[in-house]
Amino acid sequence: MKKIFLCCAAGMSTSIVVNKMKQAASANGIEAEIIAVAMEEFESTISHFDCCLMGPQIKYKFEEFKAIAQREGKPIAIINNMDYGMLKGEKILNDALKMIQDSQTNPVQ
């Protein structure tokens with residue numbers, strides 16, 4: 001089971017993206033736990049998940065969150081603005097799965 005969390009300003013706008021990602025995972029037979037959290041919950045959540053995708057609206061927090069994610073050995077990325085806006089759940093899910101796979105091959109430094 002892959003564990004992915006999305007982080008945004010309040011954990012609300014990404015919930016739609018989460019639902020699209022869950023639909024894509026189900027349609028493709030992928031076992032995944034996917035949740036959305038507010039940025040205040042980032043640090044307490046990162047250690048329990050395989051990766052974090054940040055909503056583009058909080059990209060200003062990326063460097064701060066990246067340092068925490070690296071300390072935990074977890075990959076992190078900002079969701080592509082176009083994919084986020086167009087609710088491309090399958091594309092975002094595939095990006096997250098690739099990020100997890102890459103981090104298992106080349107651990108986060």
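**Sheet, helices and loop in the predicted model**

Leu 87 is found in the loop between H4 and H5. In this predicted model, the phi of Leu 87 is positive, near 55°, although the residue is not a glycine. Most residues other than glycine have a negative phi. With a relative accessible area of 32%, Leu 87 is partly exposed, because that value falls between the 20% limit for buried and the 50% limit for exposed residues. Positive phi values also occur at two glycines that follow helices: Gly 29 follows H1 and has a phi near 65°, and Gly 73 follows H3 and has a phi near 70°.

The sheet is open and is formed by 4 strands in the order S2-S1-S3-S4, with parallel pairing. Its edge strands are S2 and S4 (residues 76-78), each of which pairs on one side only. From one strand to the next, the twist averages 20°. H1 packs on this sheet, where it touches S1, S2 and S3, and the direction of H1 makes about 175° with that of S2.

Strand S1 pairs with two neighbours in the order given above. With S2 it runs parallel and is joined by 7 bridges; in this pairing, Lys 2 stands opposite Ala 32 in S2. S1 and S3 are likewise paired in the parallel sense, over 4 bridges, and here Ile 4 stands opposite Cys 51 in S3. Of the 7 residues of S1, 5 are buried, so the strand is largely enclosed by the rest of the structure.

Helix H1 comprises residues 14-27, that is, 14 residues, and reaches 20 Å from its first C-alpha to its last, close to the 20 Å expected at 1.5 Å a residue. Its buried residues are Thr 14, Val 17, Val 18, Met 21, Ala 24 and Ala 25. These residues lie on the same side of H1, because they cover an arc of only 125° around the axis. On the other side of H1, the residues Gln 23, Ser 26 and Ala 27 are exposed. The partners against which the buried residues of H1 pack are the strands S1 (2-8), S2 (32-38) and S3 (51-54), together with the helices H4 (81-85) and H5 (89-105).

Thr 14 is one of the residues of helix H1. Its relative accessibility is 0%, and Thr 14 therefore counts as buried. When residues up to four places away in sequence are not counted, Thr 14 touches Leu 6, Cys 8, Ala 36 and Tyr 84.

Helix H5 has 17 residues and spans 24 Å from its first C-alpha to its last, close to the 24 Å expected at 1.5 Å a residue. Gly 89, Ile 92, Leu 93, Ala 96, Leu 97, Met 99, Ile 100 and Ser 103 are the buried residues of H5. An arc of only 155° around the axis covers them, which puts them on the same side of H5. Gln 101 and Thr 105 are exposed and are carried by the face of H5 turned away from its buried side. The buried residues of H5 pack against all four of the strands S1, S2, S3 and S4, and against the helices H1 and H4.

The axes of H1 and H5 come within 8 Å and cross at roughly 80°. H1 is therefore roughly perpendicular to H5. At this crossing, H1 contributes Val 17, Lys 20, Met 21, Ala 24 and Ala 25, which meet Gly 89, Glu 90, Ile 92 and Leu 93 in H5. Several of these contacting residues belong to the buried sets described above: in H1 they include Val 17 and Met 21, and in H5 they include Ile 92 and Leu 93.

In helix H3 (residues 62-72), the buried residues are Phe 62, Phe 65, Ile 68 and Ala 69. They are placed on the same side of H3, because the arc they cover around the axis is only 130°. The exposed residues Glu 63 and Arg 71 are on the face of H3 turned away from its buried side. The buried residues of H3 pack against the strands S1, S3 and S4 and against helix H2 (42-45).

Technical notes. Residues numbered from 1 in each chain as written. Predicted model: local features only at pLDDT ≥ 70, side-chain atom pairs only at ≥ 80, totals over all residues. Heavy atoms only, no water. Expected span 1.5 Å × (residues − 1). Buried < 20%, exposed > 50% of the residue type's maximum accessible area, 1.4 Å probe, protein only. Arc of directions from axis to C-beta. Contact = heavy atoms within 4.5 Å. Pairing = 2+ DSSP bridges. Axes fitted to C-alpha atoms, helices over the stretch in contact; angles between N-to-C directions. Parallel < 35°, antiparallel > 145°, perpendicular 65-115°, else oblique.
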